[in-house]
Amino acid sequence: MSDGPHGSAATPPSTRKPEPPSTPAARIPEQRGTGPLAGSPGTNTAAAPEPAGPLAGSPGDDARTAEAPEPAGPLPTADAAHPSPEAPAPAATPADGPTEPQTGETPADAAHHAGDMGSPEGDAGDADATEPAEPRAAAEAPLPAPAATPAGGPAGPRADETPADAARRAEDAGGPGDAPAPRITAHAAAPEAAGNRPDDAPGADAPETRTPSPVRGARGEADAAPDAPAPADSPAAAARAAGAAGDPGEPGPGPEAGPAAPASAPRVPAPRAAGPAATPGPAGSRPDAAPGPGPGTGTGAGAARNTHGAAARHPVARKLVKAVGLVAATAAGGMLVIRGNEALAAYDAPTAADSRATTATAVDAPDPGRVLQIVAHPDDDLYFMNPDLRYSIAAGHPVTSVYLTSGEADGINAGAAKQASTRPDKPAYAEARQNGIRAAYAKMATGDRSSAWKRTVIPTKGGGQAEVDVLVAKPEINLVWLQLREAGNVYADVPDSLHGLWDGRVPHLESVLASGSPVRHGFTYTKDQVVQTIKGILEHYRPTTIRAQDPTPGRFQDTKRYTDHQDHFYGARFAQMATAAYAQEVKDRPHFAVQNYIGYFNGSLPSALDPGEAKEKLDILDTYAWLDKENHCGSEAGCGDLKVADHPSGNRWTQSINYARGTSTSWLASDAEHGLWAFKVLDGQVAVWHRTGLIGNWTGPRLLPGTGMDQGISTVTLKDGRIAAFGTRTSFGDKPAGYLREVVYAVQQAPGSAEFGPWQSLGTPEGADDTWTSDISAPAVSVDGTGALAVYVRDGASTLRGRVQRPDGEWGPWDSLGGSDLHGTPATATDGAGRRMVFAATTKTVTAWAQPEPGAPLGPATPTGLPDTTLPLTAQGRERGVRLLFRKPGSGNVRSALVTATADGGLKADALTDLGGLQGYGPVTASGHVLAGRSAGGQLGSDVGPGGAWQRSPLMFVGAPSSTMTGKNLVSLAVVGLDARLYVTSSTDDSDAYLAPWQPVGPRNTAP
């Protein structure tokens, strides 16, 4: 976050006190580290691991009281570091001083700026007021090695699990020998999985039964009657009245471009004749294969109950499955599939299409993955990445958080009332913020804010030093402090900052060392040394999920000031550049995915979290803010950030979490042969997974040539059956002003072909990076009834821009399509008449555009009259219109509305229906009878049929889920887990629909 008071002064500070210590520090096993970073743990009351490796040193003393000795040995450098004999003096406040209050700024925000901290323009609020009533010394030594994770997948507590739920989950967790016999049905594959059964969902809330949803069709019934408006007090009646049905609609860096691209923009190449596809042959049969304890596998009493009943209805099928252990065939115009772990046992055989491509096995339990977060200031992770952070810790994922700056601000650790009487001390304030972070992480991981840490000093690849803290009771939790100088101002010109270093206005940036840090000697970094330092951290920890802030946050329309702190997005750009270097230069590493998070602007968007999640998030900020002022950390600097104590909720930041990119739900596609194609960004390249036909083997991930790809791939099927993938690509240029984000696309060379053409650039509607910080959304794409392809983005001015492909294959210019106050990524789909519709969320409603007829230009921006929604939107083509899906603010419940074209060329939105859910946040995917999205706890929640309960699957994942129809009645659903591995499941549309057990695709994610 920023570095001072946050939010409104109208609300008194919270009086809640952090919970008293409850969990004693635990003894931890020996831990060894290797790699370019190294650190030495200090001793504490609990037994400490002693690192070993090429840069090993000796353990020190308790981090609270000991003095740090001189580092042992010379520091390795990358190029020439600029060591200084001691930490440089804190920089003075910028000459222009605190800036004047911004539009929409609260008194506390103004005070925040006066303290060299700022908050965004927009509504100031208070979670407490607006929420519904319910719910030390160390010598240099190797960096502790990343903690190993259990092979059986995340086994941590459910965030919302009661003791009864936990007991039931333990009772239901049987071994392979408990697995029931699979069931054959003449419709589709839908094995019962643990966490996917309404009556036996481990860790789930009580089943929530609903009336039939208008999102899904009534078992093949055609859309014949218009949707009826739903009474406000009767969503069930609205769902019955809606009765919607029908199949969903089909779904080298270029030069810097100005607002209008030339007419010679690349065309979609003509399809080639498809040769032999580089895909596996028919699935092999393994009669002796035993089902294994994969994720989501149902092996307990509940699974036996459901499956035994199913088998009783199909006795012949049950005997067949027991005999051969495999089911997949087609018969009598329906799909013969099984309900059980053996359903995908045929994915067992490796393929030769790619040296790393293998197929999934039912016994291949996932590595939960390793998460690494890079933020500018202490507390940015708590405000903008939570509850993702808390859920990752609770599920047992190793988590490392890297703080680029010290967050020293003005050095005054006091609320507004004591600002004037408190002596500035930047090293002490930096230490207090570190203490607050350690307390917050300890509470999230152990329940005890005072749980002991080992504080170490390490050399970095940039030639400086960093502090690394390891939580003794949970050594998989690490904090890395780079301790660079912060800007001290949200948007003012401060050369001695990450912004100034990026732009080349200063040759190097100095450190500001926290008073209690084991790092005792100041240093400086050049731009390249910062990149090398972050790259070295990535190389050591080998994350599979990297979280960072938004590198392109945009500007406010009226003042043109940044919507986020300059440290946030320039820190994100350093992380982006270091991640690209890591991907290209380090080969012995696992694949990784990236997730970016919106920062200050969350305060201006509708609340994304339900009251319970918002309260949990606020409680962690209360711990960081040190509300009770008890000296539980033993530090003279203080045990938390008292600037935050005035208003821990910030500017409504504890009520939301929003992803800056990666929210597309159209990255899974099916082809005419019922094959599946998945497209996600790994290692800065688009990864493709492919399954041939309905029961063929999977291959992938195969990385398409071309680097610099951003998260968020959207796909569309062209008129000739080929698949086109669209995304954005970032290049850094030779000069700081050369930072460029552009829209690119690649097209399948022939229907069903494993080969794709090169990435082609459609440019960008932005003129220069400095204008709007290259703030364009990910693209939304659709094909209308004439076969015309179009792509749409939200630009930095918060309006809609689009390019349409002409019949000759050339592309038109970036058209300005109007709208205002647009946020997030647009959504687009076509109705049953082939008319294209486009939707974009604002802070108060949804704006829409529609073609009057296929082939015509879009009509004007039209208000839908819908209430405010959280980001993002999902559009699903229907026979009579386009079904729009979104979440209710402050609830997490999923809502839907049907948007139709009217006779006068306008648009009508009706049948607004609340579909329930398991709270949660983020994008929702819908295909056929399946609805899925992130639930409370970070796991996938799904609804697979009218009248059933929402179900919770055990997988945690990156970005958005995606689904597609595979045939008439079968829906396939996919996510990419925190281990950067693809997981797939399926469900048939019948009266007893379930999700099959999640199956991992490809090998374990260790190294490419």
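At what angle do helix α11 and helix α12 pack, and how far apart are their axes? Select residues 527–541 for α11 and residues 566–585 for α12: the two helices pack at an angle of about 60 degrees, and their axes lie 8 Å apart. The model on display is a predicted one, and this tour proceeds through its helix pairs, a buried loop residue and several sets of paired strands.

**Stop 1: α11 and α12**

Angles under 35 degrees count as roughly parallel and those from 65 to 115 as roughly perpendicular; α11 and α12 are therefore oblique to each other. The crossing in which α11 passes α12 is right-handed. To display the contact, show the side chains of K527, V530, V531, I534, K535, L538 and E539 in α11. Then add F574, A575, M577, A578, T579, A581, Y582 and E585 in α12, which the α11 residues meet. Coloured by class, this contact of α11 with α12 shows ten nonpolar, one polar and four charged residues.

**Stop 2: α9 and α13**

Next, select residues 426–446, which form helix α9, and residues 611–625, which form helix α13. Their axes come within 7 Å and cross at roughly 140 degrees. That angle makes α9 oblique to α13, since only angles over 145 degrees count as roughly antiparallel. The crossing of α9 and α13 is right-handed. On the α9 side, the contact comprises R433, G436, I437, A439, A440, K443 and M444. On the α13 side, these residues meet D619, I620, T623 and Y624. By class, the contact of α9 with α13 has six nonpolar, two polar and three charged residues.

**Stop 3: N386**

Is N386 buried or exposed? Centre the view on this residue, in the loop between α7 (380–384) and α8 (388–394). N386 has a relative accessible area of 0% and is buried, because the cut-off for that term is under 20%. Leaving aside neighbours within four places in sequence, the contacts of N386 are D381, M444, K617, I620, S656 and I657. Two names from the previous stop recur here: M444, in the contact set of α9, and I620, in that of α13.

**Stop 4: the sheet β13-β14-β15-β16**

Move on to an open sheet of four strands, whose order is β13-β14-β15-β16 and whose pairing is antiparallel. The edges are formed by β13 (668–670) and β16 (698–703); each has a single partner strand, so one side of each is left without a neighbour in the sheet. From one strand to the next, the twist averages 20 degrees. For a view of one pair, select residues 685–691 as β15 together with β16: four bridges join these antiparallel strands. Within this part of the sheet, R691 stands opposite W698 in β16.

**Stop 5: β21, β22 and β23**

Select strand β22, residues 789–794. Six of its six residues are buried, so the strand is largely enclosed by the rest of the structure. In a regular strand the side chains alternate between the two faces of the sheet. In β22 both faces are covered, with L789, V791 and V793 buried on one side and A790, Y792 and R794 buried on the other.

Now add β21 (residues 780–783), which pairs with β22 in the antiparallel sense over four bridges. V781 stands opposite V791 in β22. Five residues lie between the strands in the hairpin of β21 and β22, where G787 takes a positive phi near 90 degrees.

Then add β23 (residues 800–804), paired with β22 in the antiparallel sense over five bridges. Here V793 stands opposite R801 in β23. The hairpin of β22 and β23 also has five residues between the strands, and S798 takes a positive phi near 65 degrees.

**Stop 6: β30, β31 and β32**

How many of the eight residues of strand β31 are buried? Select residues 894–901: seven of the eight are buried, so β31 is largely enclosed by the rest of the structure.

Add β30 (residues 882–887), an antiparallel partner joined to β31 by six bridges. Across this pair, L885 has S896 in β31 as its bridge partner. In the hairpin of β30 and β31, with six residues between the strands, G890 takes a positive phi near 70 degrees.

Finally, add β32 (residues 907–916), which runs antiparallel to β31 and is joined to it by seven bridges. The bridge partner of T900 is K908 in β32. The hairpin of β31 and β32 has five residues between the strands, and G905 there takes a positive phi near 90 degrees.

How values were computed. Residues numbered from 1 in each chain as written. Predicted model: local features only at pLDDT ≥ 70, side-chain atom pairs only at ≥ 80, totals over all residues. Heavy atoms only, no water. Axes fitted to C-alpha atoms, helices over the stretch in contact; angles between N-to-C directions. Left-handed = near helix turned anticlockwise from the far one by under 90°. Contact = heavy atoms within 4.5 Å. Nonpolar A, V, L, I, M, F, W, Y, C, P; charged D, E, K, R; others polar. Buried < 20%, exposed > 50% of the residue type's maximum accessible area, 1.4 Å probe, protein only. Pairing = 2+ DSSP bridges.
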